[in-house]
Every structure is written in structure tokens, then in C-alpha cells.
Amino acid sequence: MRYLPKSPAERQEMLSAIGAKSINELFECIPERYRLREALKLPGPFSEAEVISYFQDRAKENSGGYASFLGAGVYNHLRSVITDTILLRGEFLTSYTPYQAEITQGTLQAIFEFQTLMCQLTGQEVANASMYDGSTATTEAVLMAERLTGRRRVLVAKSLHPEYRDVLKTYAKNSGLIVEEIPYAANGTLDGKALHSALKDDVAAVVVQSPNFFGVIEDVAADAVHAAGALLVVAITEGVSLGGLQPPEETDIVAMEGQSFGLAPSYGGPFVGVIASREKFVRQMPGRLAGQTTDSEGRRGFVLTLAAREQHIRREKATSNICTNQALCALAATVHLTLLGKEGLREMAHQNLSKARFALAELEKIPGVKRKFDSPFFNEFSIEFPRSVRMVNAELLKEKIVGPLSLGSLYPELTKTALVCVTETTTRAEIERLAAALRRALEKPL
């Protein structure tokens, strides 16, 4: 309690107001086994210098020549120092959110430029800002479809990122949404027959990911979805893929994770989510939209065109309860994409695809290793081992290689299957080192 500024008398007044006699009574709703009854066993206390020294030592342990082949929604891409230099400017770093929009022109312009780039990437007409990440953007897109259609049943591809599906299920639990998963076919894409069987006139949305969680590029029959009166939601975790793949223009709502654009993996966040859609759906779009206008003297200016968030005037009628502003992360994506340009993004996508193809070819040379799905892919692909992926990864780690993601814990039917990720940061030497280490690991007797 020492970190709370309230006096004992003020705390007691607050407890009385809610009908509790003590802090312990307030927390009686928490099961006894989950309550902390003693101080955490933490080392220290340390001085500031000792803390810095500790983390420097840990950093040395992690940067000693390790190669990583993990992806699955968080990707390691090249980043320019210019991006961080701009982000660290006080005008952006210390500002939070444009409550008084008319005097926060810099923040609004950054949001406006971000929205413009997202529309160009996705082929949609409007894009928002201030979604937490790709998972919340996907769920908010589903809720948007629910409001637009008045329906409550949602069909979700099982090849959608498992964590995205978990977030959706959490939202759905107390909101009346009915979420049904559609299986994937033998080639790793959405099972078309299962989808057509499930498409009824009570479906609000069909949610797919492309490239999907297995790295496979999806080709969804949008016409069938629309014929059933449902909306098609496409989730994108790897934004760089849009530098080489056709934007999902036939989609009704695009939900994207923008981490690949200038944001480091950084222990899993913070990232930046995006929703892009048709202009006719804009009134049901969550988040905020910045618009361009002119002032009374004819000068270019920016305004909050739409802000249907609970933080603003909407309160309980808000389309979304997401209230944290992700403008700094959106600025990172804006600077990154501006530096890259169209040709740069196209070249980056080409390098991802080329290196992934080379990696697959090298791994397929190893006895017992085979490709799991034969559909087109971008920078991730699934391979099958003749033994446990975790056992193989344990051996790879001994050689300073962070191996591919084991899919067995997420998909029990894929116990010996691994998801390999390769980006433009992966060198040919690292790929060859992975192949050699994997060959040695599989040659060892069980």
C-alpha cells in the first residue's frame, strides 16, 4: 500500500462507499489459492548501476551469435535508425492523444498519413488508428461486422492465428457472439466444402488470415460469403507480404498487424493494429479517423473526423472500448514505409520470399524432413520432422539456433510439424547453418 497516495482515512472512506470493511474483504472474490500471502522472493534491492549492469549481462547472453527462425505473428525486419530518431523527438514521444484536436496538428497529421498508407497497402477506402494490435483489430472487425449485419454467428478459419482466435473467444464469451471454427484442408488452406456447409443466413462474418498461421496464402471465395449476406474479414499478421501479394480488395474489412513496419519484436510489443474497410462502413468503424481540411485562411489543417471511442463523447455508445492511443507506433510505421517507398517494400517482400524458398529447398534435402502443405507461401512454411520438434529445437539451441515454432502445442494433429520463418534479415549462412545443425540433430539416436 505504500505506493498509493491515499491516506488511511481516505481508503476507509472509499471502502465504506462500496460496502466493504477492509481490503481483505474487498478481495474475497479472489480464490484463496491465488492470493499472495508473503513477499515475492525477489533479489535485491539493487542500485540503479547494478540494475543496468544486470541487464547488460543478460543482453550479452542473448546477442552472442544466435540465429532465429521464429515468426508466427512477430517478425524480425530491418529498421532504419531514422525511425527511432524521429520517434524520440519530444513532440511525438511525450504527446499522448489528441483530446484537443485543433491544437495537436502534428499528431493528427501523423495519424492521417498513417491511415493513407494503410489504405494504399490494403486496397481499402478508409483506415483507422489506435487499435492495440492485430488480435484486437481482428476482433473489433468482427464486432463491426456484427453491427453492420445484425447477425451474431461468426465463422473463423482454424488457420487463423491461435492467439487471435483466443482474443475473439474472450470477447464473444459475454457478448452473445457464436464463434465456429472452420477446419483447414490437406493443403493448409481453409476447407472450402466445410465453409460452404456452414454458410447460412445467420452468419455475420467469415474470418480468414492470409498468409495464414501455417504460412499458406489463402484464396477465399468472397462471392460465396457475400451471397450468404455475410462480410469477409481478412487478418494480416505479416504486413510485408503486401509488397508482393495482391491486396485483398474484395474483402469487406481488413484487420492487420503493423509490427513489421518499423517496430522491433521487443518482447512482444507494443505493436499497432489496423482496420481498413469500405467508406460505407465507416460509421461502425472503431478507433479514430483523422481528416484533412482547410482553416478559415485556406491553410491545410487536420481534424478528428470520426472518434467513436468511449474516451470521447460516445461513452457507453462507443463502437469500441479500446482507449489507449497507439499513435507513436503508427508514426513508426509511417516513417518506415515512407523511407522504404513502393519499390523498397516490393524489394523487401521479394527478399523474404526468395530466402524462404531457399530455406525450404535446403531443409528438404535432409532425410526425413518434408514439406507439410504444398500451397504457395510467403516467408513462413510448415515442415514435418521424423521426431518431436521440441527435441530437435533443444539440439538446435545448443548450437545457438532458435529453431522453428512447434505447432503440436497449438494443433495436436501437427505434433511433428514446425513453422519456419525467414525474413530479409536472415542470411544465407544462417540458413545453411540451420540445415547442417538440423541434419546432425536428426542423425542422433533417440
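**Figure 1. Helix α12 passes helix α13 in a right-handed crossing.** Welcome to the first close-up of this predicted model. The two helices here are α12, residues 389–398, and α13, residues 428–443. Their axes lie 9 Å apart and make an angle of about 125°. Because oblique covers angles that are neither roughly parallel, roughly antiparallel nor roughly perpendicular, α12 is oblique to α13. On the α12 side, look for Val392, Glu395 and Leu396. They meet Leu434, Ala437, Leu438, Ala441 and Leu442 of α13. Sorted by class, this contact has seven nonpolar residues, one charged residue and no polar ones.

**Figure 2. Helix α6 meets helix α11 in a left-handed crossing.** Here α6 (residues 105–122) packs against α11 (residues 327–364) with an angle of about 45° and 9 Å between the axes. That angle makes α6 oblique to α11. From α6, the residues to find are Thr107, Ala110, Ile111, Glu113, Phe114, Leu117, Met118 and Leu121. Facing them from α11 are Ala327, Ala330, Leu331, Ala333, Thr334, Leu337, Thr338 and Leu345. The contact of α6 with α11 is made up of 12 nonpolar residues, three polar and one charged.

**Figure 3. A closer look at Thr334, a residue of helix α11.** Is Thr334 buried or exposed? Its relative accessibility is 7%, so Thr334 counts as buried. Setting aside neighbours within four places in sequence, the contacts of Thr334 are Ala110, Glu113, Phe114 and Leu117. These four residues also appear in the list for α6 in the contact of α6 with α11.

**Figure 4. Asn128 sits in the loop between β2 (126–127) and α7 (134–149).** With a relative accessible area of 0%, Asn128 is buried. Which residues does Asn128 touch, not counting those up to four places away in sequence? They are Phe114, Gln115, Val274, Ile275, Met285, Pro286, Gly287, Arg288 and Leu289. Ile111 is handy for orientation: its C-alpha is 8.5 Å from that of Asn128, while 17 residues separate the two in sequence.

**Figure 5. Tyr184 and Phe214 form an edge-to-face aromatic pair.** A pair of aromatic rings is described by how far apart the centres are and by the angle of the planes. For Tyr184 and Phe214, the centres are 4.8 Å apart and the planes stand at 70°, so the pair is edge-to-face. Tyr184 belongs to the loop between β4 (178–182) and α9 (192–198). Phe214 belongs to the loop between β5 (203–209) and α10 (222–227), so the pair ties together parts that are 30 residues apart in sequence. Both partners are on the buried side of the scale: Tyr184 has a relative accessible area of 16%, and Phe214 has one of 1%.

**Figure 6. Tyr184 also pairs with Phe373, again edge-to-face.** This time the rings are 6.0 Å apart, centre to centre, with 85° between the planes. Phe373 lies in the loop between β11 (370–371) and β12 (380–384), and the pair links distant parts of the chain, 189 residues apart. Tyr184 and Phe373 are both buried.

**Figure 7. Ring pairs join five residues into a cluster: Tyr184, Phe213, Phe214, Phe373 and Tyr411.** Please use this view to place the two previous close-ups in context. Tyr184 is paired with Phe214 and with Phe373. How many aromatic pairs does a search of the whole structure find? The search finds nine.

How values were computed: Residues are numbered from 1 along each chain as its sequence is written. This is a predicted model: local features need pLDDT of at least 70, side-chain atom pairs count only at pLDDT 80 or more; totals for chains, interfaces and linings use all residues. Side-chain values use heavy atoms; hydrogens and water are left out. Axes are lines fitted to C-alpha atoms, for helices over the stretch in contact, and angles run from 0 to 180 degrees between N-to-C directions. Angles under 35 degrees count as roughly parallel, over 145 as roughly antiparallel, 65 to 115 as roughly perpendicular and the rest as oblique. A crossing is left-handed if the near helix is turned anticlockwise from the far one by less than a right angle, and right-handed if clockwise. Contact means heavy atoms within 4.5 Å. Ala, Val, Leu, Ile, Met, Phe, Trp, Tyr, Cys and Pro count as nonpolar, Asp, Glu, Lys and Arg as charged, and the others, Gly among them, as polar. Rings of Phe, Tyr and Trp (its six-membered ring) pair if their centres lie within 6.5 Å; planes under 30 degrees apart count as stacked, over 60 as edge-to-face and the rest as tilted. Buried means under 20% relative accessible area, exposed over 50%, partly exposed in between (1.4 Å probe, protein chains only).
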